[in-house]
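Reader: I'm new to this and a bit lost when I look at a whole protein at once. Could you pick out the surface patches and take me through them slowly, then show me how the rest fits around them?

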Amino acid sequence: MITRTRLAAGACALLAALAAGMAFPAGAVAGEPTGEDAPKVDLVLDVSGSMRTRDIDGGTRMAAAKQAFNEVLDATPEEVQLGIRTLGADYPGDDRKTGCKDTAQLYPVGPLDRTEAKTAVATLSPTGWTPIGPALLKAADDLDGGDGTKRIVLISDGEDTCAPLDPCEVAREIAAKGIGITIDTLGLVPNTKLRRQLSCIAEATGGTYTSVEHADELTDKVNQLVDRAADPVVTPVATEGADACAKAPTLKSGLYTDREEFGQQRWYRVDVEPGQELRASVSVGADRAVNPSYGVLLRAVTVHGREIVRGEAAGNGRTDVLSTGLRYPKAESDEEDAPAETVCLQVTNSFSVASGVKTTPGLPLELTVDVVDGPNDSADVAAFGLGRGWWLLGLLVLVGFVAGLLWGWLSRWRFAIWRTN
């Protein structure tokens, strides 16, 4: 009896294993980056006079920054091309016009010579102004070219002193270029105004802001950001939507970035062959102060204006990014040379700003387009939300039925043996 019980249990386990193997196939390879260029990082360091202040672990802010840079240079991955840019390092005078041009490339972005880079850092001495805006513009030029990851890490202990060139607006202009630069900021002083400015710079490009008050925190954070640059990512392709479908660019599968003004419509075109399925999603970011209650609408329509499907989302001021998506399966055709259908994608937002907030450049928009082979049977698309999960459901029902038969047979056999004894 025990032997037969074990055989039955083994049969059930085998069926369950087969079901699991069919339900959870081998994992697919993750998406690869669009380019094979080396990741680039430009460390932008504030070397203004205030960096002489002694309030970080008993030493000066400059000493903490130098220590952090030396440790970061030792730990930088071989594949990362790293550069160092300074602001306020050379001009000690009082002429504002000259001081606001004081930014220089201390070490060029490229293959890292650790000894040479450390020697350059050792020569730094707190000197002048804080031209954050001009330094960011130059840093973007330092990273120009190539399709790899591009990251600027800004370390400062004070606000920009070169207004009206607002560094936050500079960051938005850099993001609007669509060259894939992310700016991360680190503040060395727990100051509200500094936090607001550095946070705005980071948020404009999808970066992060961190306040650090100890040398080891600074080292750890910079190391983390440099390592993050080495992670493979898909770089969005800059595109420019039109105000009508007829003028819109035709997109293929990929990740795209654009800018959309407040309340504006942007149109894009995608060709879908018979038997294929269009999957699209869009994210619109609020990179400045906006009024509560807003929304994003993504529609797929024919070239004649008939709506096919839509996706929409609404927000109330608690999030900085709003996303939605849609799916459209194109049925198979009996004709061998059936033409592709042009689907028009419309992106609309209902964000609004209060008076005094700049409306240009537009809000950052990220659009994902994926055209894949559709289901074999058009009826399988709906499937009550299960799609091809019907195969799994049927298999599980079959496994349960067989297991139930085996369990019932074993129970009756054990009952017969019990009565016989």
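Author: Sure, and let's begin with what a patch is: its residues each have over 30% relative accessible area and no salt bridge, and nonpolar side chains are joined into one patch within 5 Å. Keep in mind that this is a predicted model.

With that in hand, look for Leu398, Phe401 and Leu405, which make up a nonpolar patch on the surface. Together they offer about 330 Å² of accessible area. Phenylalanine 401 sits in helix H10, which covers residues 389-420. Its relative accessibility is 54%, so phenylalanine 401 counts as exposed, the cut-off being over 50%. Here's a handy bit of background: an α-helix has 3.6 residues a turn, so residues three or four places apart point the same way.

Now for a patch with charge. Asp57, Glu71, Glu213, Asp216, Glu217 and Asp220 gather on the surface as a patch of negative charge. Helix H8, residues 215-230, gives the largest share of that patch, with three residues. Glutamate 213 is in the loop between strand E8 (209-211) and H8. With a relative accessible area of 42%, glutamate 213 is partly exposed.

Another member of the negative patch, Asp57, deserves a second glance. Aspartate 57 lies in the loop between strand E2 (54-56) and strand E3 (59-60), and it is exposed, with a relative accessible area of 51%. Its backbone is worth a look too: phi is positive, about 55°, although aspartate 57 is not a glycine. For context, most residues other than glycine have a negative phi, and most peptide bonds are trans.

Serine 293 has a positive phi as well, near 65°, and it is not a glycine either. You'll find serine 293 in the loop between strand E13 (276-285) and strand E14 (294-301). At 58% relative accessibility, serine 293 counts as exposed. As for peptide bonds, the one from threonine 360 to proline 361 is cis, with omega near -5°. Proline 361 belongs to the loop between strand E17 (341-349) and strand E18 (363-373).

Let's head inside. Helix H5 is largely enclosed by the rest of the structure, because eight of its 11 residues are buried. Among those buried residues are Ile132, Pro134, Leu136 and Asp142. Ile132 turns up again as a contact of glutamine 197, which also touches Glu159, Asp160 and Pro167, leaving out residues up to four places away in sequence. Glutamine 197 is in helix H7, residues 192-204, and it is buried, with a relative accessible area of 14%.

Next, try proline 126, in the loop between helix H4 (114-122) and H5 (132-142). At 12% relative accessible area, proline 126 is buried. Setting aside neighbours within four places in sequence, its contacts are Val47, Ser48, Gly49, Met51, Arg52 and Met62. The C-alpha atoms of proline 126 and alanine 89 are 6.2 Å apart, though 37 residues separate the two along the chain.

Finally, zoom out. The protein has 10 helices and 18 strands, and 43% of its 421 residues are buried. Of the contacts between residues at least 6 apart in sequence, 75% join residues at least 24 apart. The protein exposes about 22000 Å², with carbon and sulfur atoms supplying 53% of it.

Note on methods. Residues numbered from 1 in each chain as written. Predicted model: local features only at pLDDT ≥ 70, side-chain atom pairs only at ≥ 80, totals over all residues. Heavy atoms only, no water. Helix = DSSP H or I, 4+ residues; strand = E, 2+ residues; numbered from the N terminus. Buried < 20%, exposed > 50% of the residue type's maximum accessible area, 1.4 Å probe, protein only. Contact = heavy atoms within 4.5 Å. Areas by Shrake-Rupley, 256 points an atom, 1.4 Å probe, with all protein chains shown as cover. Patch = residues over 30% accessible without salt bridge, like charges linked within 9 Å, V, L, I, M, F, W, Y side chains within 5 Å. Salt bridge = Lys/Arg side-chain N within 4 Å of Asp/Glu carboxyl O. Lys, Arg positive; Asp, Glu negative; His and termini not counted. Charge placed at Lys NZ, Arg CZ, Asp CG, Glu CD.
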